Amino acid sequence: YRAGRTAMKECKREETAKAFHEWRRPVKELFYQSQVLQPLDGMKHRRNAAERLGDRLGELNDLHMLHIRAKKSRSADAAKHIAKKQRALRPAIFKAGKKLFGERPNQIERTLKRCVKFQPTITAQAVRQSELFLEACK
């Protein structure tokens, strides 16, 4: 989560294709972590938000690759159209990022601790799911 917040701040400082592409990795990690912890309160919403943001970041990366190809092929109209789509997508990305990474990490930690304390059976289920997931990945 913290890495995702840091990457988002880096994208705001420097709106480069590389920065957006590097932001996608912590967003995907948060998606997978939230998926494993989905039985806990709020994790389904966080998983969905991370998935949407990851998809938008992927779309922006795809547009960047298309833009490079259009420039190489000297297709000015296509390059302009792609650049316009990129500019339109960035505000949506930052809006989704603000929703997903709006809380401070220590607030999330407190919320998770509360869930663990007051919902031990759900927590145990999430731990079992994560263990099964890790074994399947081996």
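## Arg5 and its surroundings

Arg5 is placed in helix 1. In this predicted model, the residue is buried, its relative accessible area being 14%. That value lies under the 20% limit that defines a buried residue.

Beyond the residues up to four places away in sequence, Arg5 touches Phe101, Gly102, Glu103, Arg104 and Pro105. One of these contacts can be described by its separation: Arg5 and Phe101 stand 96 residues apart in sequence, yet their C-alpha atoms are 5.8 Å apart in space.

## A positive surface patch

Helix 1, which spans residues 2–13, also contains Lys12. Lys12 is partly exposed, with 47% relative accessible area. Together with Lys9, Lys98 and Arg104, Lys12 forms a positive patch on the surface. Arg104 thus appears in two settings, as a member of this patch and as a residue touched by Arg5.

## Salt bridges

Side chains of opposite charge can pair when their charged atoms come close. The model holds 6 salt bridges by the rule applied, among them the pair Arg90 and Glu15, whose side chains meet with an N to O distance of 4.0 Å. This pair links distant parts of the chain, 75 residues apart: Arg90 belongs to helix 4 (residues 76–100), while Glu15 sits in the loop between helix 1 and helix 2 (17–36). Glu15 is partly exposed, at 41% relative accessibility.

Another of the salt bridges joins Lys18 to Glu22, with 3.9 Å between the closest N and O atoms. Lys18 and Glu22 are 4 residues apart in helix 2, so about one helical turn separates them. Which of the two carries the label exposed, and which the label partly exposed? Lys18 counts as exposed, at 60% relative accessibility, whereas Glu22 counts as partly exposed, at 41%.

## Arg47 and Glu51 in helix 3

A salt bridge is also formed by Glu51 and Arg47, and here the closest N and O atoms are 3.9 Å apart. Both residues lie in helix 3 (residues 43–72), where a spacing of 4 residues amounts to about one turn of the helix. Glu51 is partly exposed, with a relative accessible area of 31%.

Is Arg47 buried or exposed? Arg47 is buried, because its relative accessible area is 15% and the limit for a buried residue is under 20%. Apart from its neighbours within four places in sequence, Arg47 is in contact with Phe31, Ser34, Gln35 and Gln38. Arg47 therefore combines a buried position with a salt bridge to Glu51.

## Backbone geometry at Arg74

Most residues other than glycine have a negative phi, and most peptide bonds are trans. Arg74 has a positive phi, near 60°, although the residue is not glycine. Where along the chain does Arg74 have its place? Arg74 is found in the loop between helix 3 and helix 4.

Arg74 is exposed, with a relative accessible area of 77%. Arg5 and Arg47, by contrast, are buried, at 14% and 15% respectively.

Methods. Residues numbered from 1 in each chain as written. Predicted model: local features only at pLDDT ≥ 70, side-chain atom pairs only at ≥ 80, totals over all residues. Heavy atoms only, no water. Patch = residues over 30% accessible without salt bridge, like charges linked within 9 Å, V, L, I, M, F, W, Y side chains within 5 Å. Areas by Shrake-Rupley, 256 points an atom, 1.4 Å probe, with all protein chains shown as cover. Lys, Arg positive; Asp, Glu negative; His and termini not counted. Charge placed at Lys NZ, Arg CZ, Asp CG, Glu CD. Helix = DSSP H or I, 4+ residues; strand = E, 2+ residues; numbered from the N terminus. Buried < 20%, exposed > 50% of the residue type's maximum accessible area, 1.4 Å probe, protein only. Contact = heavy atoms within 4.5 Å.
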